[in-house]
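Biologist: Please take a close look at the interface between the two chains. How do the copies meet, and what lies on the contact surface?

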Number of protein chains: 2
Amino acid sequence: MTASAVLVEVTRGLSVESRHLGAVAVSDAAGGLLLSIGDVERPVFPRSAVKAIQALPLVESGAAARFGLTDQELALACASHGGEPEHVATAAGVIARLGLSADALECGAHWPLNEAAARALAASGAGPSALHNNCSGKHAGFLCLACAMETDSAGYIDPEHPVQREVKAALEGMTGVRIDEAAAGVDGCGIPTYAAPLKSLATAFARFGTGERLGDVRAAAARTLMAAAWSAPFHVGGSGRFDTEAMQLGAFRIFVKFGAEGVHLAALPELGLGVAIKIDDGASRAAEAAMAAVLRRLSPAEGDLAAWLDLRAAQPLTNWAGVEVGVVRAAESLSS
Amino acid sequence: MTASAVLVEVTRGLSVESRHLGAVAVSDAAGGLLLSIGDVERPVFPRSAVKAIQALPLVESGAAARFGLTDQELALACASHGGEPEHVATAAGVIARLGLSADALECGAHWPLNEAAARALAASGAGPSALHNNCSGKHAGFLCLACAMETDSAGYIDPEHPVQREVKAALEGMTGVRIDEAAAGVDGCGIPTYAAPLKSLATAFARFGTGERLGDVRAAAARTLMAAAWSAPFHVGGSGRFDTEAMQLGAFRIFVKFGAEGVHLAALPELGLGVAIKIDDGASRAAEAAMAAVLRRLSPAEGDLAAWLDLRAAQPLTNWAGVEVGVVRAAESLSS
């Protein structure tokens, strides 16, 4: 196994306090690697980073059109949202249109990831429901797909349910990898997550961004989902979130999505490339800094986008009194 | 440099999803290493893991006795507390006794680390003050010391203030390491933090736990602080926290304190040992699992303590629906 590389350092004063190892793959749609750092053959659970791929059947099947999903609703289907009021209302709207209630969601409830939203919810005297789960938009999409398939939606998170079989087939089709059932796990929201080699996730995102090596229907579905995310980036994440800000500033150029445990995937349609990053220890702060550095290196970014990527690739750390005490910075090797 | 070792693995299904590297030193009071994994010579910022050492001048100076600090108040001086109501009231009580207000605290304000406490505070319509800062007890102790030294408390977080000079001298005395000013950083609460070799932090904790190689006054102060923590372990952390539970179950046997960025230190008085752990990437989940495994290995724990350490050394991961999806487990090498 190729050794992992230091991708990100966290400094305090003049010292490096912590460091994050990981791997980076940049691929074209044919699977050619333009950049390979660390072990890119390793199987990685893509977790929420492939929500856009998991949403392909929703669009390809015609379910999204049949239920008239808006850009915001499609963006939310690809989201790990903050549980902010707009996110919750958007998920609730989809479910109501299906004639279902939030009880149909099988993702479990948790307090909003956005801390201000969580506190506001608590201040209102209410508690969280499944609608606040960061995956509620994806699950609303699964319910849409189940309705369109005219199958019972109950148990739609089970690997053998027709919805999850479609979702798995989409991942296999996009990565070109036959999923090994032994490499299955259960995701935070209850659906299966399947490990695939990091490089194949980069290839899948290159295909997602370009439509190359996909059929017309799939290529169109990918375009629809990217257009929705660029039209409604707030619905893919939320206030202050990396993916949201990257797509606000990088609309039509960058499609990017994080996953739990330090996974970050991006498509760069104009360059025909996909990017896949896994931080060995699962830290999102490191995945974000590494992704910013790789996007800055690859993309002909300028102006606000370039400045934002530079900031995110070397993010100052401030203490509770607002004093800058260090920085989370991508390693030099990522930038040059 | 000795390579870091895999100390903790995070599994999902049958796969290892993430892994944490780091180093472990177990030392006696003379500096003899009984266990050394990874690079134990590396300078490490001990952060909040040395709050008990930083509290030594408070006791040694007679300030704690003069202001009649209780066990709860002394425990809070060694704490990274959750900002739960009892913590806040205890810190406020100390400050009031000094004739000061919370404005004298220079640690900055943040929402309680304990999420339920943060939501309850939000629900009350209030916001956080410096009293909710996880370091407010330590800072209240600094104010006590400043009052007892009859020096202006303003600026007590500055490296050159008499309080911080005492605190630094205590760290140098306990570790036996002359602090290199180039190895200084600013901590989350605004005071200086000084990097010291990991093995010397283990030695310092062996001395703290046994009193060996300390003068009578310092040895007594260390006993006073440990007794306070064992008497009031809730005040060292809070609901559900590793250090609190370890000292509830391991009173008189284990004194343990985490610090930010994956540092965890422990004293085992009956064995005459100190333990120091640094996780390279800064993850507290890994520091806790590693510490639990090392304590289980070293300590003649039995009954509830043994069961608790076993659980914390291989902590199940559950998803939002409560399904067990994996485990955060210490590497075999730590247990045997």
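Modeller: Start at the rotation axis. In this predicted model, A123(B) comes closest to that axis of the residues of chain B, with its C-alpha at 1.8 Å. A turn of 180° and a shift of 0.0 Å along the axis lay chain B on chain A, with an RMSD of 0.0 Å. The relation is therefore that of a two-fold axis.

The contact fits this picture. Chain A gives 43 residues and chain B gives 43 residues. Of the interface residues of chain B, 100% are also interface residues in chain A, so the copies meet through the same surface.

Now the area. About 3,300 Å² is buried between chain B and chain A. Carbon and sulfur atoms give 54% of that. On the side of chain B, the residues that lose the most area to chain A are R12(B), R119(B) and W320(B). Together they make up 21% of what that side buries.

Next, the polar links. Four salt bridges are counted between chain B and chain A. One salt bridge joins the side chains of R285(B) and E261(A), at 2.7 Å from N to O. Polar contacts across the interface involve 20 residue pairs.

Which elements of chain B supply the side that touches chain A? Strand 1 (5-12), strand 2 (15-28), helix 6 (115-123) and strand 5 (184-186) each give two or more residues. Strand 2 of chain B has the largest share, six residues. By type, the residues on this side of chain B are 18 nonpolar, 14 polar and eleven charged.

Key:
Residues are numbered from 1 along each chain as its sequence is written. Chains are lettered from A and ligands numbered from 1 in the order in which they are written. This is a predicted model: local features need pLDDT of at least 70, side-chain atom pairs count only at pLDDT 80 or more; totals for chains, interfaces and linings use all residues. Side-chain values use heavy atoms; hydrogens and water are left out. Contact means heavy atoms within 4.5 Å. Buried area is the accessible area (1.4 Å probe) that two parts lose on being put together, summed over both. A polar contact is a pair of N or O atoms within 3.5 Å; within protein, one must be able to donate a hydrogen and the other to accept it, and residues adjacent in sequence count only if both atoms are side-chain atoms. Helices (H or I, at least four residues) and strands (E, at least two) are DSSP runs, numbered from the N terminus. Ala, Val, Leu, Ile, Met, Phe, Trp, Tyr, Cys and Pro count as nonpolar, Asp, Glu, Lys and Arg as charged, and the others, Gly among them, as polar. Copies are superposed by least squares on the C-alpha atoms of residues with pLDDT of at least 70 in both.
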